[in-house]
Each structure stands twice: as C-alpha cells, then as structure tokens.
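Me: Please take a close look at one part of this structure, the end of one helix and the spaces that surround it. I would like a single connected account.

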Amino acid sequence: MSGTLRAWLAPTRPEEPETIAAARERRAIAVEMVVVLLVTFGFSAVQSLLSLLDALLRPQPLADQNVAINAPQAQLGLLDMLQQLTNVTRLCAWGALGAYLLWRSGVALRRVGLDRSRPGRDVAGGIGLAALIGIPGLGLYLAAHALGLSLTVQPSTLDDTWWRAPVLALSAFGNAFAEEVLIVAYVLTRLRQLGWSENRSLWLAAVLRGGYHLYQGVGGFVGNVVMGLVFGRVWQRTNRLWPLVVGHALIDVVAFVGYAALRGRVAWLP
C-alpha cells in the first residue's frame, strides 16, 4: 500500500487541537455535544427513524410512498415564502452555533477551514466534490427506488412562483452550511479533543449523517453515509470546510431546482 493511500485510509491525528486530559473538561465537551445534537441533527435522526418505521408499517411498498423535502408550509404564497426563509434561517443558525462554540472554546475558525484565504480553490474543490458525489448518488437513489428500498423522494413540491428558484437555492445553502459545519467541523473537532481516532470519528459522523436521512429509506441512508465518509475524510486531510459547503450546496441546488423544473416532464424521474 502506497504512503498516499495509507494516509487517506488511516490518517494520523493532527497535533491541533490538543487532546483534552482534564476529566471535567472532557465531561463538559461530551455534555455540550449531546445537547447540540439533541436540538439539531441528532433529534432529526430520531424523527427520521420513526418516519421510516411508519412507512414500513404501511401496506403500500416504500417506492409507492412519497416524501417531500421542500413542501409548502402555508396556503398564502407570501406566507409560504416567509416560512421557507424561516427554515433557511434556522439551518444557518444551527451552523453558526457549531462555529461559535468552536471559536468560543479557542479553536480558530481558520483551523477548520472557515476562512477566505483561497476562495478559487475552495469553489473548484466544491465543484469536484459535487460531481464525485452527485452523479453516483442519483444512480444509487434510482437503483434503490427500483428495488423498493427507498421512498419516492420529491426534492420540491412548491408551487411554480417567482420566488421558488431563489428560495430553493437558499434552502440548499442552508442545508449545506448547517450539515458541514456541525457534522464535520464541529463533531470531528470535538471528537479529536476527546482523543478519538480519525476513522472512529469519521464513521460516527457519517452514520449520523445517514441517520437523519432515514426518512428517505435505505437508499437515502446508504448514500448519505458514503457522502459523509468522503466529505469527512476530505476535511480531515485538507482542513478546508468551504469546498464541502460548496459541493453540498451545488448537489442540493441541482436536486431542488432541477426537480422542480423537470417534475412531470421526464419519464425516468420517479
């Protein structure tokens, strides 16, 4: 096995942040992580599991059941737009919470890749990650749906209004920012401080990412675990978070806006 491949499969823990030895501080970090995840994606994972169990108990096959990611929240168009923007704000606040807690504890945000030192390379890296994950991810979803392992995922069921495309793009950014800051930068940094190995931390974060996508079915779980493993390892090796945010946002923009534009017009799209 070459040194480069070994470094990607079994990376060594970086020197920073230092592992915290004091028992009181370790307990504080563990409690903080539990609280943060309970009010954000950990709670979403529980809800997703219950949603999947409910779908499995219904008489209809999974593939005959629909689940919408961006659904109308109000009858009046203006109120619906405001509801959608409220959801975007909540997601951005989740990501900001993770970034703030890291900064407040003395971890500089540049250490986790949340700085503006190399915007061009970050965007290029994000485009590459979007292609690497997005295209196979679509194939995995279509295969899982054909095998009856996934619900019919509708990325958007919003009405065709003037604000649909920009709001869906903002929703894509909100999802990307919240997930990558919390599940990658925050969780993996905190686990480093607790002395976890890189691989053990990576698997926990990836399974958590898959867990809050369980409402989509087995395909959604597996696809997001794979995405979590790839995105998490890229961050562990590069310490750059913006490429992950950009790549994730691009995947969701294509899914949300593309589905809204193609729904009912192409035969291969469930």
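Reply:

**The end of helix H6 and its surroundings**

Beyond its neighbours within four places in sequence, Gln-193 is in contact with Arg-13, Pro-17, Glu-18, Thr-19, Ile-20, Arg-26, Ile-29 and Val-107. The model described here is predicted. Gln-193 belongs to helix H6, which covers residues 164–193. Its relative accessibility is 6%, and because buried means under 20%, Gln-193 counts as buried.

Two of these contact partners, Pro-17 and Val-107, reappear in the second largest pocket, where they are among the residues that lie nearest the centre, together with Glu-16, Ala-108 and Arg-111. This pocket holds about 230 Å³ of space and has 15 lining residues. H6 supplies the largest share of that lining, three residues. By class, the lining consists of five nonpolar, five polar and five charged residues.

H6 also takes part in an enclosed space. The structure holds one cavity of 30 Å³ or more, and the largest cavity has a volume of about 40 Å³. Its lining is formed by Ile-183, Val-184, Leu-188, Leu-202, Ala-205, Ala-206, Arg-209, Gly-228 and Gly-232. Two or more of these residues come from each of H6, helix H7 (198–211) and helix H8 (218–238). H7 gives the largest share, four residues. The lining of this cavity divides into six nonpolar residues, two polar and one charged.

H7 has 14 residues, which at 1.5 Å a residue should span 20 Å, and its end C-alpha atoms are 20 Å apart, so the two values agree. Its buried residues are Glu-198, Ser-201, Leu-202, Ala-205, Ala-206, Leu-208, Arg-209, Gly-210 and Gly-211. Among them, Leu-202, Ala-205, Ala-206 and Arg-209 also line the largest cavity. The cover over the buried residues of H7 includes helix H2 (23–39), helix H3 (41–57), H6, H8 and helix H9 (242–262).

H8, another contributor to the cavity lining, has 21 residues and reaches 30 Å from its first C-alpha to its last, close to the 30 Å expected at 1.5 Å a residue. The buried residues of H8 are Gly-219, Gly-220, Asn-224, Val-225, Met-227, Gly-228, Phe-231, Gly-232, Arg-233, Val-234, Trp-235 and Gln-236. Including Gly-228 and Gly-232, this set overlaps with the lining of the largest cavity. Just after H8, Asn-239 takes a positive phi of about 55°.

Methods. Residues numbered from 1 in each chain as written. Predicted model: local features only at pLDDT ≥ 70, side-chain atom pairs only at ≥ 80, totals over all residues. Heavy atoms only, no water. Buried < 20%, exposed > 50% of the residue type's maximum accessible area, 1.4 Å probe, protein only. Contact = heavy atoms within 4.5 Å. 1 Å grid on protein atoms, 1.4 Å probe; cavity = no way out; pocket = protein on both sides within 12 Å on 5 of 7 lines; lining within 4 Å. Points joined across faces, edges and corners; volume = space filled by probe spheres on them. Nonpolar A, V, L, I, M, F, W, Y, C, P; charged D, E, K, R; others polar. Expected span 1.5 Å × (residues − 1).
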